[in-house]
Amino acid sequence: MFDGILLGLETVLTLNSLMLVFAGCAAGTIIGMLPGLGPISAIALMIPVTYGFDPTSGMILLAGVYYGAIFGGSTSSILINAPGVAGTVATAFDGYPLAQQGKAGKALATAAYASFAGGTIAAVLLVLLAPYMADLALGFQSPDYFALMLLGLCLVTAFASRGQHLKALMMTCLGLMLSTVGTDLTAGVQRFTFGQADLIDGISFLLLAMATFALSEALMMVFRGVRAETGTHASNHLLDKKSLSLEPAEFRSIVPTVSRSSVLGFFIGVLPGAGATIASFLAYGAEKNLTTSANEVSFGSGSLKGLAAPESANNAACTGSFVPLLTLGIPGSGTTAVLLGALIAYGIQPGPQLYVDEPRIFWSVIVSMYFGNIILLVLNLPLIPYIARLLLIPKTYLVPIIIFFSLTGVYLVSFNVFDLYLMIFLAFVALMLRLGDFPLAPLLLGFILGGMLEDNLIRAVTLNDGQWHFLWQRGTTLTLMILCLLALLSPVIPKLMKYLKTGQHT
Amino acid sequence: MINNVYSKSASLALLALAVGYGVFAREIPLDFWSLEEPINARTLPYLLAITGTILALALSVLSFLPDNANLPTEKIASTQSSDWPSLCLMLVLMVAFAISIELMGFVLSSIMLLMCGFVLLGSRSPRKILLIAIPLVLLIWLILDALGIYLAEGTMFLTNALEVRDLNRV
């Protein structure tokens with residue numbers, strides 16, 4: 001292992017490699033910041049640039065683009081509530097309220113520190129645990145994956161505030177319904193396409209994410225009356241230097257959250273198919289449940305812990321997703337699938353032999369992550385006051401610009417006008433649901449996990465000869481199913497306990 | 001349960017959607033072998049339709065119950081201002097952008113969207129409107145062009161006889 005680390009250091013500690021890490025982080029941050037362009041788009045755009053490089057340099061650059069884009073996505077989530085990628089949806093839950101309270105600089109600084117810590121802790125874990133983690137991921141079977149996805153969905157109750165649990169479950173169900181639109185991959189039949197050729201491939205994640213978050217947010221601003229406002233209410237606070245940095249007490253308060261979420265994020269990221277999205281949602285849910293102090297800002301209304309948890313988890317999961325990619329040749333997420341394609345394009349055979357045949361690539365990518373995280377922090381912290389000033393743009397101008405970027409972002413992916421009509425319709429529906437106080441994050445989570453959930457369910461039932469006993473046959477599956485049940489009942493349990501207590505007294 | 005008109009309407013609409021989803025799930029085409037399978041393309045939609053109907057029914061019933069006094073009142077939508085005319089005009093503007101992007105091309109339709117959007121939301125300074133909309137769209141166009149991403153040029157500008165003839169043939 002130490003030989004490998006030394007080999008990685010030897011490759012990365014050259015001017016050329018460090019410049020590539022810097023360029024990757026900078027390009028990733030800028031592209032990821034644009035609503036609609038996430039890490040997949042960023043990497044896809046940069047792959048042609050790397051064709052002239054050797055495979056090691058190419059992978060170092062693309063890895064930098066990956067975590068740079070994740071950080072950039074967090075910036076747009078925090079500032080304009082427009083997560084360009086599923087992994088940063090949870091970041092908006094508390095990041096955007098913080099920005100609305102005039103603490104955009106503080107939120108961006110928290111995100112930068114949490115991302116740095118998450119990425120660095122995960123990089124250390126990657127070096128130490130990569131071989132063992134690969135074995136563990138190999139042991140996960142389709143029933144376990146099904147139960148894991150179900151757990152992710154059941155945890156929506158953690159995101160719902162009082163009186164909203166039922167609505168959150170309904171929205172999860174709606175998200176799952178939307179995920180069934182298009183061609184069923186197992187049988188090849190069309191479902192809910194109504195003869196519309198544009199729906200054969202289903203609804204794209206980007207379209208739904210932009211419609212439910214960025215566009216519906218912009219429409220909400222229009223509906224609530226932008227005319228009355230001349231600028232954002234955050235403007236005065238942005239000029240206040242104090243809002244741009246974290247106080248020592250605040251910094252200390254997020255350290256345990258960041259540590260826990262980084263470790264959780266890394267382990268979730270290692271599981272193929274799970275990735276940054278589940279990691280960020282689980283970390284958010286876990287921290288929400290762990291926070292008991294009445295003095296703290298509640299989750300969903302601008303909690304620094306609520307922002308730090310998903311931020312450190314999604315960056316750690318990005319690093320973790322390199323484990324199945326580099327050791328097994330299995331992409332852990334959509335983004336690592338693109339990276340896998342890049343590896344193949346460089347003429348490298350991904351798989352367990354990569355560790356043995358191409359140790360320079362393996363270790364250089366891992367070691368470059370340490371430096372990438374440092375560069376990301378150095379690059380972004382001084383820029384925070386300038387990035388945060390985006391909020392100084394009056395809403396009269398900001399709202400049409402958000403609408404323009406949202407529509408253009410979706411159009412540039414498919415070049416299909418039908419997608420624009422669908423997006424406008426879904427944004428209007430999302431606006432109506434928001435007015436009815438329905439939370440939209442569970443909808444998006446249900447949509448993201450729907451395909452994988454059905455895929456693993458079909459595989460599990462088929463492998464068990466049509467029987468459903470797989471749900472309790474394996475220890476891992478049973479544990480996850482019990483956790484699902486507890487998560488579903490979590491809103492009822494305190495009431496039941498209270499009722500039983502008062503019942504005993506009377 | 002927050003008892004407002006949007007919540008009631010949305011709950012009822014979701015109930016109709018869940019029932020309709022279940023009805024259309026019956027029309028998913030299946031071959032003979034799939035019908036015999038313990039799990040097929042209709043299984044998950046059926047499960048979702050049943051779950052969705054139960055949840056939406058519960059929400060609909062609860063939304064018609066008297067208000068729960070303990071719930072936060074700041075979220076009650078009906079007490080906040082609502083600007084339906086601006087919202088409708090903005091939706092029309094977005095649809096106009098979708099219609100015009102292939103006809104007028106990316107640059108012109110985007111400039112139109114931004115300029116009309118600024119005016120709609122209350123900007124009355126022609127200088128600001130022009131100085132924000134045009135450079136922003138041109139900057140995006142230049143970046144995308146440099147990255148080699150195709151952008152709609154606009155069919156109305158295909159004045160070249162050969163281009164028009166080719167288009168007519170298509």
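Select Arg459(A) first. Arg459(A) is partly exposed, with a relative accessibility of 41%. Keep in mind that this is a predicted model. Now add Asp455(A) to the selection. Asp455(A) is also partly exposed, at 34%. Look between the two side chains. They form a salt bridge, with the closest N and O atoms 2.9 Å apart. Side chains of opposite charge can pair when their charged atoms come close. Where do Arg459(A) and Asp455(A) sit relative to each other in helix H22 of chain A? They are four residues apart, so about one helical turn separates them.

**Stay on helix H22**

Select Glu454(A) next. Glu454(A) lies in helix H22, residues 441-463 of chain A. Is Glu454(A) buried or exposed? Glu454(A) counts as buried because its relative accessibility is 8%, and the cut-off for buried is under 20%. Show its partner, Arg191(A). The salt bridge between Glu454(A) and Arg191(A) has its closest N and O atoms 2.8 Å apart. Arg191(A) belongs to strand E2, residues 190-191. The two partners are 263 residues apart, so the pair links distant parts of the chain. Arg191(A) is buried as well, at 3% relative accessibility.**Move to helices H6 and H12**

Select Lys106(A) and Glu250(A). Their side chains meet in a salt bridge, 3.2 Å from N to O. This pair also links distant parts of the chain, with the two positions 144 residues apart. Lys106(A) is in helix H6, residues 104-139 of chain A. Glu250(A) is in helix H12, residues 248-270 of chain A. Both residues are buried. How many salt bridges are there over all chains? The count comes to seven.

**Find a buried serine**

Select Ser364(A). Ser364(A) is found in helix H18, residues 359-380 of chain A. Its relative accessible area is 0%, so Ser364(A) is buried. Which residues does Ser364(A) touch, leaving aside those up to four places away in sequence? They are Gly8(A), Thr11(A), Val12(A), Thr56(A), Ile60(A) and Pro359(A). Show these side by side with the serine.

**Zoom out to chain A**

Display chain A as a cartoon. It has 25 helices and two strands. Buried residues make up 62% of its 506 residues. Now think about contacts between residues at least 6 apart in sequence. Of these contacts in chain A, 80% join residues at least 24 apart. Switch to a surface view. Chain A exposes about 18700 Å², and carbon and sulfur atoms supply 67% of that area.

**Bring in chain B**

Show chain B beside chain A. In this pairing, 71 residues of chain B are in contact with 61 residues of chain A. The size of an interface is often given as the accessible area lost when the parts come together. Here chain B and chain A bury about 6000 Å² between them, with 80% of it on carbon and sulfur atoms. Select Ile39(B), Met94(B) and Leu121(B). Within chain B, these three lose the most area to chain A, together 11% of what that side buries.

Look for charged pairs across the boundary. The count of salt bridges between chain B and chain A is zero. Polar contacts do occur there: five residue pairs, both residues at pLDDT 80 or more.

Finish by coloring the helices of chain B. Those giving two or more residues to the side that touches chain A are H1 (5-25), H3 (43-63), H4 (84-104), H5 (106-120) and H6 (126-146). Which helix gives the most to this side of chain B? H4(B) does, with 12 residues. By class, this side of chain B has 52 nonpolar, 14 polar and five charged residues.

Notes
Residues are numbered from 1 along each chain as its sequence is written. Chains are lettered from A and ligands numbered from 1 in the order in which they are written. This is a predicted model: local features need pLDDT of at least 70, side-chain atom pairs count only at pLDDT 80 or more; totals for chains, interfaces and linings use all residues. Side-chain values use heavy atoms; hydrogens and water are left out. Buried means under 20% relative accessible area, exposed over 50%, partly exposed in between (1.4 Å probe, protein chains only). Contact means heavy atoms within 4.5 Å. Accessible areas come from the Shrake-Rupley method with a 1.4 Å probe; for residues, only the protein chains shown count as cover. A salt bridge is a side-chain nitrogen of Lys or Arg within 4 Å of a carboxyl oxygen of Asp or Glu. Buried area is the accessible area (1.4 Å probe) that two parts lose on being put together, summed over both. A polar contact is a pair of N or O atoms within 3.5 Å; within protein, one must be able to donate a hydrogen and the other to accept it, and residues adjacent in sequence count only if both atoms are side-chain atoms. Ala, Val, Leu, Ile, Met, Phe, Trp, Tyr, Cys and Pro count as nonpolar, Asp, Glu, Lys and Arg as charged, and the others, Gly among them, as polar.
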